[in-house]
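Reader: I am in my first year and still learning to read protein models. Could you take one part of this one and walk me through it closely?

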Amino acid sequence: MYYPINYGYIEGVMAPDGEEQDAYILGVNEPVKKFTGKIIAIVYRKDDIEEKWVVVPDGVTFSKEEIRRQIHFQEQYFDSEIVM
């Protein structure tokens, strides 16, 4: 699957699936190896054990609809809800 945004995990934070917590990184348009930012939303999947965090650089904001558009490439396959 092609990821049009940065996607990674939160080192040392374990998720319900037993892996490190996954995160969508928005507001950074070039690939990154490491990133520090703030969590602005959580994507709860009603039909999956996983949830995804939405992380952005300090001072950057996105509306729920902007987040939904950017993560649609993956979340279209799940019944998910964005909570800010």
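Author: Here is a close look at strand S2 and the side chains linked to it. Bear in mind that this is a predicted model.

Start with the strand itself. S2 covers residues 20–25. Is it out in the open or enclosed? Five of its six residues are buried, so the rest of the structure largely encloses S2.

Now find its partners. On one side of the pairing list is S1, residues 6–14. S1 and S2 run antiparallel and share six bridges. Take one position as an example: Ile10 stands opposite Gln21 of S2. The two strands make a hairpin, with five residues between them. Look for Gly18 in that turn. Its phi is positive, at about 85 degrees.

S2 also pairs with S4, residues 51–56. This pairing is parallel, over three bridges. Here Ala23 has Trp53 of S4 as its bridge partner. So much for the backbone; the side chains come next.

Begin with the aromatic rings. The model has four aromatic pairs. In one of them, Tyr3 and Tyr7 sit 5.1 Å apart, centre to centre. Their planes differ by 45 degrees, and the pair is tilted. Tyr7 then pairs with Tyr24: the centres are 5.4 Å apart and the planes lie at 55 degrees, so this pair is tilted too. Tyr7 belongs to S1 and Tyr24 to S2, 17 residues apart, and their pair links distant parts of the chain.

How well covered are these rings? Tyr24 has 0% relative accessibility, so it counts as buried. Tyr7 is partly exposed, at 28%. Tyr3 is partly exposed as well, at 32%. Add Phe73, and Tyr3, Tyr7, Tyr24 and Phe73 form one aromatic cluster.

Follow Tyr3 outward for a moment. Tyr3 joins Met1 and Tyr77 in a nonpolar patch on the surface. Together the three have about 360 Å² of accessible area. Met1 lies in the segment before S1. At 61% relative accessibility, Met1 is exposed, because the cut-off for that class is over 50%.

Back to S2, and on to charge. Side chains of opposite charge can pair when their charged atoms come close. There are seven salt bridges in the model. One of them joins Asp22 and Lys52, at 2.6 Å from N to O. Asp22 is in S2 and Lys52 is in S4, so this salt bridge ties together parts that are 30 residues apart in sequence. Are the two side chains buried or exposed? Asp22 and Lys52 are both buried.

Asp22 and Lys52 have further company. They are linked with Arg45, Asp48, Glu50 and Glu75 in a network of salt bridges. Within that network, look at Arg45. Arg45 meets Asp48 in a salt bridge of 3.1 Å, N to O. Arg45 also forms one with Glu50, where the closest N and O atoms are 4.0 Å apart. Arg45 is buried, at 6% relative accessible area. Glu50 is buried at 17%. Asp48 is partly exposed at 28%.

Arg45 has one more contact to find. Its charged end sits over the ring of Phe78, 3.6 Å from the ring centre.

To retrace the route: S2 pairs with S1 in the antiparallel sense and with S4 in the parallel sense. Tyr24 takes part in the aromatic cluster, and Asp22 in the salt-bridge network.

Notes
Residues numbered from 1 in each chain as written. Predicted model: local features only at pLDDT ≥ 70, side-chain atom pairs only at ≥ 80, totals over all residues. Heavy atoms only, no water. Patch = residues over 30% accessible without salt bridge, like charges linked within 9 Å, V, L, I, M, F, W, Y side chains within 5 Å. Areas by Shrake-Rupley, 256 points an atom, 1.4 Å probe, with all protein chains shown as cover. Salt bridge = Lys/Arg side-chain N within 4 Å of Asp/Glu carboxyl O. Helix = DSSP H or I, 4+ residues; strand = E, 2+ residues; numbered from the N terminus. Buried < 20%, exposed > 50% of the residue type's maximum accessible area, 1.4 Å probe, protein only. Pairing = 2+ DSSP bridges. Phe/Tyr/Trp six-rings, centres within 6.5 Å; stacked < 30°, edge-to-face > 60°. Lys NZ or Arg CZ within 6 Å of the ring centre and 35° of its normal.
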